[in-house]
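Reader: I should like to understand the reasoning behind several of the descriptive terms applied to this structure. Please set each value against its criterion.

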Amino acid sequence: MGSASGSRTSRPAPPAEAEPLAAGELERLFASLSGVRLIALAVSGGADSLALLDAVDRWRRQDGQRPEVLVLTVDHRLRRGSAADARTVTAIARARGLKVNTLVRKGLPPDSDVEAAARIARYRLLVTACRTVGASHLLVAHHEDDVAETFLMRLKRGSGVFGLAAMRPLLSAGDIAIVRPFLGISRDRLAATAHAAGFTPAVDPMNADPRFERVRVRWLMPLLAGEGIAASALASAARRFADFADAIERAADVMLAEAVETDDQAIAWLDASRLATSGDDVAVRAFVRILIAVGGGTYPPRFERLSGLLGAVLAHREGRFKRTLAGCVVEWRDGRFAIYREFGREGAAPMPVRAGFAGLFDHRFVVSVGKGAPAGLTLAPLGEAGRRRSVAAMPRGIPAGAAATLPALWRRGKLVAVPSLSGSNAPFP
């Protein structure tokens, strides 16, 4: 068994009643990964992620047909010691015969909300690394106590059903599946697993810093447990909210199919009269999904603004209507609402592309470039100038702002093609 370097601060052993993960539990925890070629593990060096490394390693040794494993560790450079933690993870992984890549966050540290910035940077690096090496699944070590703490934090903020819903065991990041196998396992059991493996986990000072909300909530957990509100009970409540959220999601699927049409220009055409026939929760969820899909965002807008816009949409009958929210324009056109990307908002930056390129542009369009394309092409938004040059190819009724956000191929300052417009593609084989 590998052990961490002596430069780490030792951590007390976990409670005596906490049992390490047993060999018989591993198949249940990782059964969904059978048949996968390559999986990646996010390992920070803390007890939770080291338990993940140990558990996956033991599981893969049980059967020669198990996936290949790559350990990914991030040197986030937001505190002293992050590079040493990454080196220690590397040593542990190699001692187990596992491949390991260290990912380094670049750029200046954030001015505020360091915790959120670190999380965002870490996931961006991890998902990109998975795509680079061809790993289809990224495993992370979130556990039952994380679920309980998140539930309390969101309850404090007055979150609704979707905010209170538990973390999901499987989350899609485009073509990468993020897997959380430990959501039903306590923090103490993971600490016991790391301890039994002979690891000395890293101790992140941010995990004891009361400036962070999660730390303050974590300190409350023993008091709540003393009143009979254990982490397992809170996590169970969060899972029930997840069931409610799933039911609303299914109803929203039906409503979106009935009330929304989309076109090749990534405009969502909404029949608000049909949306009005659904319950409030379903209407809100369907509207949120439209805004996220069209606007390219990750999180919904604040509920007050969302609710205000949705109420105005459902109440509108005739006349001019044009509002913006979450990077989208919501505009009344010919008896229904056109919802499209707001021009001028931060979107996809221009990117050079070569012949044979295929990829996602601005979170909305899959763009491919033929093998016969010339050199020197740039993929960028069409813009107002490009829109004026493409008027003849524009479908009837497309808003000018929506047209300006379409992907376009440029070469030496000249417009070459607008792939989503019929008849505008350059003759590349």
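Author: Let us begin with Arg412, which sits in the loop between strand E16 (407-411) and strand E17 (414-417). The model is a predicted one.

Reader: Why is Arg412 called exposed?

Author: The relative accessible area of Arg412 is 72%, and the term exposed applies over 50%. Arg412 is therefore exposed. Its phi is near 55°, a positive value in a residue other than glycine.

Reader: What makes Asp334 count as exposed?

Author: Asp334 has 72% relative accessibility, to be set against the cut-off of over 50%; Asp334 therefore counts as exposed. This residue belongs to the loop between strand E10 (328-333) and strand E11 (336-341). Asp334 is not a glycine, yet has a positive phi of about 55°.

Reader: Why is Ala400 called partly exposed?

Author: The relative accessibility of Ala400 is 35%. Buried requires under 20% and exposed over 50%, with partly exposed in between, so Ala400 counts as partly exposed. Ala400 is part of helix H14 (residues 400-404). Its C-alpha atom is separated by 48 Å from that of Ala235, the two residues being 165 residues apart along the chain.

Reader: How do you know that the span of helix H8 is close to the expected one?

Author: Helix H8 (residues 213-226) has 14 residues, and 21 Å separates its first C-alpha from its last. The expectation at 1.5 Å a residue is 20 Å, to which the span is close. H8 nevertheless has a kink of about 30° at Leu220, shortly before the proline Pro222. After H8 comes Gly228, with a positive phi near 90°.

Reader: Which residues of H8 are called buried?

Author: They are Glu213, Arg214, Val215, Val217 and Met221; the term buried requires a relative accessible area under 20%.

Reader: What makes helix H5 roughly perpendicular to H8?

Author: The axes of H5 (residues 144-156) and H8 cross at roughly 110° and come within 10 Å. Angles from 65 to 115 degrees count as roughly perpendicular, so H5 is roughly perpendicular to H8.

Reader: Which residues make the contact of H5 with H8?

Author: From H5 these are Asp146, Ala148, Glu149, Thr150, Leu152, Met153 and Lys156. They meet Glu213, Arg214, Arg216, Val217, Arg218, Met221 and Leu224 in H8. The residues of this contact comprise six nonpolar, one polar and seven charged.

Conventions:
Residues numbered from 1 in each chain as written. Predicted model: local features only at pLDDT ≥ 70, side-chain atom pairs only at ≥ 80, totals over all residues. Heavy atoms only, no water. Helix = DSSP H or I, 4+ residues; strand = E, 2+ residues; numbered from the N terminus. Expected span 1.5 Å × (residues − 1). Bend = angle between axes of the 7 residues up to and from the residue. Buried < 20%, exposed > 50% of the residue type's maximum accessible area, 1.4 Å probe, protein only. Axes fitted to C-alpha atoms, helices over the stretch in contact; angles between N-to-C directions. Parallel < 35°, antiparallel > 145°, perpendicular 65-115°, else oblique. Contact = heavy atoms within 4.5 Å. Nonpolar A, V, L, I, M, F, W, Y, C, P; charged D, E, K, R; others polar.
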